[in-house]
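Okay, everyone, thanks for coming. I'll put the structure up, and then we'll go through one helix and the ligand site.

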Amino acid sequence: MAKSKKYYYCQECGYQSASWLGRCPECGKWNTMVEEVVKAAVSSVKASQRSISPTSKPKLIKDVTYSETTRIPTHYPELDRVLGGGIVPGSLILIGGEPGIGKSTLLLQTALSITNLRVLYVSGEESEQQIKMRADRINQHNNTCYVVSETVTQRIFEHIEQVQPDLVVIDSIQTISTEHVDSASGSVSQIRECTTEFQRFAKESGVPVLLIGHITKDGTLAGPKVMEHIVDCVLQFEGDRNYGFRMLRSLKNRFGSTAELGIFEMQGDGLREVANPSEFLLSQRDENLSGAAIGATLEGARPMFIEVQSLVSSAVYGTPQRNANGFDYRRLSMLLAVLEKRCGFKLAAKDVFLNIAGGIKVADPALDLAVVCSILSSNVDIAISPKFCFAAEMGLSGEIRPVARVEQRVGEANRLGFEKIFISKYNGKAIKQSKYDIEIVQVGVIEEAFRKLFA
Ligand code: TYD
Ligand code: MG
């Protein structure tokens, strides 16, 4: 009989303590310690002492071989790209997202699309019938995907032994528990131990495991940060639930870039890939309305053209309102302050609302110029032609700064049939106007852009 021990774990960072503390000494958060009972002898000691493979021995790094082709393609290029080119054998991949965003749908679709390999889909949340209903809804069926409703890791490993799958999906880690830990499923020590067990299994067998994880209200993965350390890949599935768009971002990837972004659209019959988001986002705009401007942004390696909409109106109350959807609020305040200083924009007398079309969130600073121009456009009530686009950052003194990979942005704008692209003059040297049909407008300061647009 294993001896049980009580520990206190920080729900935020996973810090472990023998006594309760009001404030976690690791992450500094208050009131996050919870008591959990751990069967010490079985779980932490023996399990961690077990070797990954009894025959492992050190090799020269030059003698270690692998081939790129062994990655498992998922038949969803968007997902493959975010993963860095398919699923690496023996990897442990965590897919996080808010409830209802579509994680189960994404992974079930993935499981069903892989027809040449055996997949085991384990659900701790849904029954086999419910999974089947979902499969009917997305209308995908195959002869190689097994489903089981199970919540205890030891039994999951028995099922794996029996089915001998080439890929395992666990939906979700918060509903799974191990017999080695006494606390309830979803607690810090359960999540940590279960993740470690799956990691050990993946590394020993070479079978990749996809874990679904829930996200807490403030947007971090529920459970301790330690889980993020254990897994090879952390993907985040996000999007505005009022829109169909879903974005898959890579937050950590041991086998690929974290700059990649995959875009999907939730439809009545499952998730569909959006291979060309720009055409999709821009097709639905009205002509000649003031306050709209198009930014040529890059998400990972992919150019994405997004529409920024602003509404500037006279403030009715003393304190003007500011609101930004899909854009960093503090950055908006900064841009407004620069506009006040350089363009005579009367900040204190105006309400400013900013919206990025399609419920998309972007972090590319190249969107600055589009944001600023859309605000100015709404302010003077003069429309910017839908055939113009913008790609530049704005500095604190109103200077228009260069952005990365401007050729790619100009090339894509050219391809999409834009007539003018506004870029920083410091980017100008990298670009030959003669190569493109699109007119490349170079600006140095914000006043210059204002004059060229509205004068
Ligand atoms: P789900 O995959 O269950 O989300 P998660 O596992 O992240 O909690 O998806 C839930 C939402 O997606 C649900 O509100 C219904 C919607 N949905 C569709 O719109 N179309 C579909 O084909 C499916 C399967 C779900
Ligand atoms: Mg689910």
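Before the helix, one definition: I call a residue buried if its relative accessible area is under 20%, and exposed if that is over 50%. And keep in mind that this is a predicted model.

So, α9. That's residues 329–343, 15 residues in total. From first C-alpha to last, α9 reaches 20 Å, close to the 21 Å expected at 1.5 Å a residue. Which residues of α9 are buried? Those are L332, L335, L336, V338 and L339. They sit on the same side of α9, because they cover an arc of only 160° around the axis. The general background is that an α-helix has 3.6 residues a turn, so residues three or four places apart point the same way. Now flip to the face turned away from the buried side of α9: there you find the exposed residues R330 and K341.

Okay, over to ligand 1. There are 16 residues around it, and the ones that come nearest are G100, S104, T105, Q267 and G270. By type, that shell splits into 4 nonpolar, 7 polar and 5 charged residues. Where does the largest share come from? From α3, with 3 residues. α3, α4 and β11 each supply at least two residues of the shell.

Now the backbone contacts. A polar backbone atom of G100 is 2.7 Å from an oxygen of ligand 1, and one of G268 is 3.1 Å from a ligand oxygen. At Q267, a backbone N or O atom lies 2.6 Å from a ligand nitrogen. Taken alone, ligand 1 exposes 550 Å², and the protein buries 76% of that.

Conventions
Residues numbered from 1 in each chain as written. Chains lettered and ligands numbered in written order. Predicted model: local features only at pLDDT ≥ 70, side-chain atom pairs only at ≥ 80, totals over all residues. Heavy atoms only, no water. Near = heavy atom within 4 Å. Polar contact = N/O pair within 3.5 Å; in protein donor to acceptor, adjacent residues only side chain to side chain. Areas by Shrake-Rupley, 256 points an atom, 1.4 Å probe, with all protein chains shown as cover. Helix = DSSP H or I, 4+ residues; strand = E, 2+ residues; numbered from the N terminus. Nonpolar A, V, L, I, M, F, W, Y, C, P; charged D, E, K, R; others polar. Expected span 1.5 Å × (residues − 1). Buried < 20%, exposed > 50% of the residue type's maximum accessible area, 1.4 Å probe, protein only. Arc of directions from axis to C-beta.
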